[in-house]
Amino acid sequence: NFIPRYLLQMPADQRFAVIVDTKRSRLYLYENDVRDGGRPRFVADYYITQGKLGAEKLAEGDKKTPVGVYHVTANLPKQKLADLYGNGAFPINYPNEWDKRQGRGGSGIWLHGTPSDTFARPPRASDGCVVLTNQDLDAVAKNLQVGLTPVIISNSVEWLSLDDWHKERTELNKAIDAWRSDWESKDTERYLKHYSKRFKTNDQSLEQFSAQKRQVNAGKEWIKVKTDNLSVFRNPGKEEVVVVTFDQDYRSNNLNNQMKKRQYWLREDGKWKIIYEGSA
């Protein structure tokens, strides 16, 4: 009856989620039970190997596994890989936007298998990747969707009761919907209150972003915004951060635009505020 705190909301097409607990050397596979309101259901768990020097990756070559919310970005078949990677590999999007904001770097973090002459590697034996036995990788691989499956890596998984999970999920959904409806209202100052003082896009500060929004909204007679296929994942770690991804359908009297958007929300002075947004 307990759920990993990180899996707050998954859209129907996101069929599974992966949670890695580095302290326990375990990978947990959860299914998105759409018949039960998107409640995550435990499927199986597997032994994993992590970085030689543990978790909390900071830089290229530090032999550590990153901690955060990631997504599978590719499926690399065995035939295209060195034997070290075993039956295949699934790269993830480390460093993500939050990692970059925190000054974390490096690259090439994958879920992958073991060499043909090895059944399993010791708990700390990789250069930072998450490594499974080939047999377990084959079992997990059937459920991984490129561009969709979240891979959430934690030092130690936090668990919530069903009641607390519903409460956290409802609170965040309300914050996201308030942002959407305040954008539709054309009350630009109310809309901008959803953004953190530390907000940045890839190329704009809060001041630049705010000035642009005031200018654009001044030319609007009406605005309609839909957020479909919403996913909400809590970032493991001390900071209260959630990663929100959705299909945005923006319509107004003089512009229609569709995009896949990703936002990072941070709890600031007791309220959820957007600290980053951009295309996913």
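The questions and answers below go through the sheets, ring pairs, cores and single residues of a predicted model.

Reader: What kind of model is this, and which pLDDT do side-chain atom pairs need?
Author: Residues are numbered from 1 along each chain as its sequence is written, and side-chain values use heavy atoms, with hydrogens and water left out. The model is predicted; totals for chains, interfaces and linings use all residues, local features need pLDDT of at least 70, and side-chain atom pairs count only at pLDDT 80 or more.

Reader: In what order do the strands of the mixed sheet stand, and which are its edge strands?
Author: Strands are DSSP runs of E with at least two residues, helices are runs of H or I with at least four, and both are numbered from the N terminus. Two strands pair if DSSP finds at least two bridges between them. The five strands of this open sheet follow the order β5-β4-β3-β13-β7. Pairing on one side only marks the edge strands, β5 (39-47) and β7 (68-71).

Reader: How many bridges join β7 to β13, and what is the bridge partner of His71?
Author: β7 and β13 (residues 150-154) run antiparallel and are joined by four bridges. The partner of His71 in β13 is Pro150.

Reader: Is the ring pair of Tyr28 and Trp159 stacked or edge-to-face?
Author: Rings of Phe, Tyr and Trp (its six-membered ring) pair if their centres lie within 6.5 Å; planes under 30 degrees apart count as stacked, over 60 as edge-to-face and the rest as tilted. By this rule there are 14 aromatic pairs. For Tyr28 and Trp159 the centres are 5.8 Å apart and the planes stand at 85 degrees, so the pair is edge-to-face.

Reader: How many residues apart in sequence are the parts that this pair ties together, and how exposed is Trp159?
Author: Tyr28 belongs to strand β4 (residues 26-33) and Trp159 to strand β14 (residues 159-161), so the pair ties together parts that are 131 residues apart in sequence. Buried means under 20% relative accessible area, exposed over 50%, and partly exposed in between (1.4 Å probe, protein chains only). Tyr28 is buried at 11%. Trp159 is partly exposed, at 37%.

Reader: Which strands are the edges of the antiparallel sheet?
Author: This open sheet has five strands in the order β2-β15-β16-β17-β18, with antiparallel pairing. Each edge strand pairs on one side only, and the edges are β2 (7-9) and β18 (271-279).

Reader: At what angle does α3 run to β15?
Author: Contact means heavy atoms within 4.5 Å. Axes are lines fitted to C-alpha atoms, for helices over the stretch in contact, and angles run from 0 to 180 degrees between N-to-C directions. Helix α3 lies across β2, β15, β16, β17 (256-268) and β18, and its angle to β15 is about 155 degrees.

Reader: Which element supplies the largest share of the largest nonpolar core?
Author: A nonpolar core is a set of buried Ala, Val, Leu, Ile, Met, Phe, Trp, Tyr and Cys residues joined through side-chain atoms within 4.5 Å. The largest has 26 residues, and among those with the most contacts inside it are Trp179, Val232 and Val244. At least two residues each come from α3, α4 (188-192), α5 (206-218), β15, β16 and β18. The largest share, six residues, comes from α3.

Reader: Which residue shares a side-chain polar contact with Glu168?
Author: Glu168 sits in helix α3 (residues 162-184) and is buried, with a relative accessible area of 13%. A polar contact is a pair of N or O atoms within 3.5 Å; within protein, one must be able to donate a hydrogen and the other to accept it, and residues adjacent in sequence count only if both atoms are side-chain atoms. At 3.4 Å, the partner of Glu168 is Arg234.

Reader: How many bridges pair β17 with β18, and which residue in their hairpin takes a positive phi?
Author: β17 and β18 pair in the antiparallel sense over eight bridges, with Tyr276 in β18 as the bridge partner of Tyr264. Two residues lie between the strands of the hairpin, and the residue with a positive phi near 50 degrees is Asp269.

Reader: Is Gly278 buried or exposed, and how far in space is it from Thr245?
Author: Gly278 is found in strand β18, where seven of nine residues are buried. Gly278 itself counts as buried, at 13% relative accessibility. Gly278 and Thr245 are 33 residues apart in sequence, and their C-alpha to C-alpha distance is 9.8 Å.
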